[in-house]
Amino acid sequence: MEKTKIFLERVIEMTGVSGDSVAVVRYVILVIAAFLLAWLAGWLCKRFLVPLVLKVTSKTEAKWDDVVLGRPVLLSACSIVPAIVIWSLLPHVFYEFPRVEEIVGRLTAIYFTVMMVRTIIVFIDSFKLLEGEKRTARQQYLYSVCGVLKIIMVFIAAIVVIAIIVNKDPSTLFAGLGAASAILMLAFQDTIKGLVAGIRLTNNDMLHIGDWITMPSAGINGRVEEITLTVVKVRNFDNTIVTVSPQALVDGSFQNWLGMESREGRKQTRKVYIDFSSLSVNDEGEANITRFRHHMEQWLQQNQRVISQRPPLVHHVDAAQASGYCLEFVFWLKAQDALTFEHDTSDIMDYIYAKASEFGLTFYQPGRAV
């Protein structure tokens, strides 16, 4: 380094600079050169190393390397290189000014810590791209753990940065956190509860990305779009976004329509009330309500909108009451989407109401007989 110093000072003197100004100009040139080398190292890394790695991973059949070694991760990692260059050049630039070297070294260490944690977080986030449309229980568990890891990394980075600023060993600060554990538990209680709730949702296979869920108390009726430690995001069918905590889903009651969508058919149950005065018996001793029931079961069995493998049921339910004779219709419709399901149900109920008059039956209406 001494030879470099002498050579550089001679070059500076050749430009006409003399006296104490030579040392000042030398330090300015060395500082500028150090930062230029750091910038150049980062640029070369982004310009040549990143495309080379991407080219290699693109030729492999595995998908995971395209994700964990994707462009965002590599670009974030390249941001660490300038700090390494500056760190290695500090003793050669500020060897005569140890105080300045210490200050610049601390700033470089802080930058290195922040960029390192940022790269780790980007690396963790890259695992999202490995998911399919339906997130499995294992993936959801891994996703929850990754969320905790990100929080831990940010927390560790904050402690390390504080230790660098106050010039203390980070281990001593971590040791002192034992007394503050209660405060930390209070500060991160939502995150901890969210993690526990997420694990319960995962272990019990209660929720996945893409599931249709309903929760009237929270105004939820739509598809799950995102599940994190603290939030479950649902897009309702009217395109409104509702967010609810995993804890609320575990503690409350929500309905998951996955079972209905994964199997053929959707059950429908409807009740009608027949006026008692319209009930009659023919010469063979058969009641008109009995013939109506048998006809409706046969008609539903042959209806193209109803699943024939699930026999429909038309039967009397509830005890006799002032509102009339209660007749219940139970059948399974092929339609699963809400609009077609409601339309098919309405068409069937229209037929029921219209067909009853052919059997001499009328429906109960408060205040007057029909």
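Let me start at one small spot in the chain, where Ile227 stands opposite Val232, a residue of strand β3. Please keep in mind, as we go on, that what we are looking at is a predicted model.

Around that spot, strands β2 and β3 run antiparallel to each other, and they are joined by five bridges. As a general point, the strands of a sheet pair through backbone hydrogen bonds, and they may do so in a parallel or an antiparallel way. Here the two strands belong to an open sheet of five strands, whose order is β4-β3-β2-β1-β5 and whose pairing is antiparallel. At the edges of this sheet we find β4, residues 241-244, and β5, residues 255-256, each of which pairs on one side only.

Now let us turn to the side chains on β2 and β3. Which residue forms a salt bridge with Glu225? The partner is Arg235, and the closest N and O atoms of the two are 2.6 Å apart. Glu225 sits in strand β2, residues 220-227, while Arg235 sits in strand β3, residues 232-236, and the pair, 10 residues apart, links distant parts of the chain. As for exposure, Glu225 is partly exposed, because its relative accessibility is 37%, and Arg235 is also counted as partly exposed, at 32%.

The salt bridges come to eight in this model, and I would like to show you two others. In one of them, Arg106 and Glu102 meet through their side chains, with 2.6 Å from N to O. Both residues lie in helix α6, which covers residues 98-125, and they are four residues apart, about one turn of the helix. Arg106 has a relative accessible area of 23% and is therefore partly exposed, and Glu102, at 29%, is partly exposed as well. This pair does not stand alone, since Arg99, Glu102 and Arg106 are linked in a network of salt bridges.

The other one joins the side chains of Asp344 and Arg305, at 3.8 Å from N to O. Asp344 lies in helix α14, residues 338-355, whereas Arg305 lies in the loop between α13 and β7, so the pair ties together parts of the chain that are 39 residues apart in sequence. Is Asp344 buried or exposed? Asp344 is buried, because its relative accessible area is 11%, and the cut-off for buried is under 20%. Its partner Arg305, by contrast, counts as partly exposed, with a relative accessibility of 34%.

Methods:
Residues numbered from 1 in each chain as written. Predicted model: local features only at pLDDT ≥ 70, side-chain atom pairs only at ≥ 80, totals over all residues. Heavy atoms only, no water. Salt bridge = Lys/Arg side-chain N within 4 Å of Asp/Glu carboxyl O. Buried < 20%, exposed > 50% of the residue type's maximum accessible area, 1.4 Å probe, protein only. Pairing = 2+ DSSP bridges.
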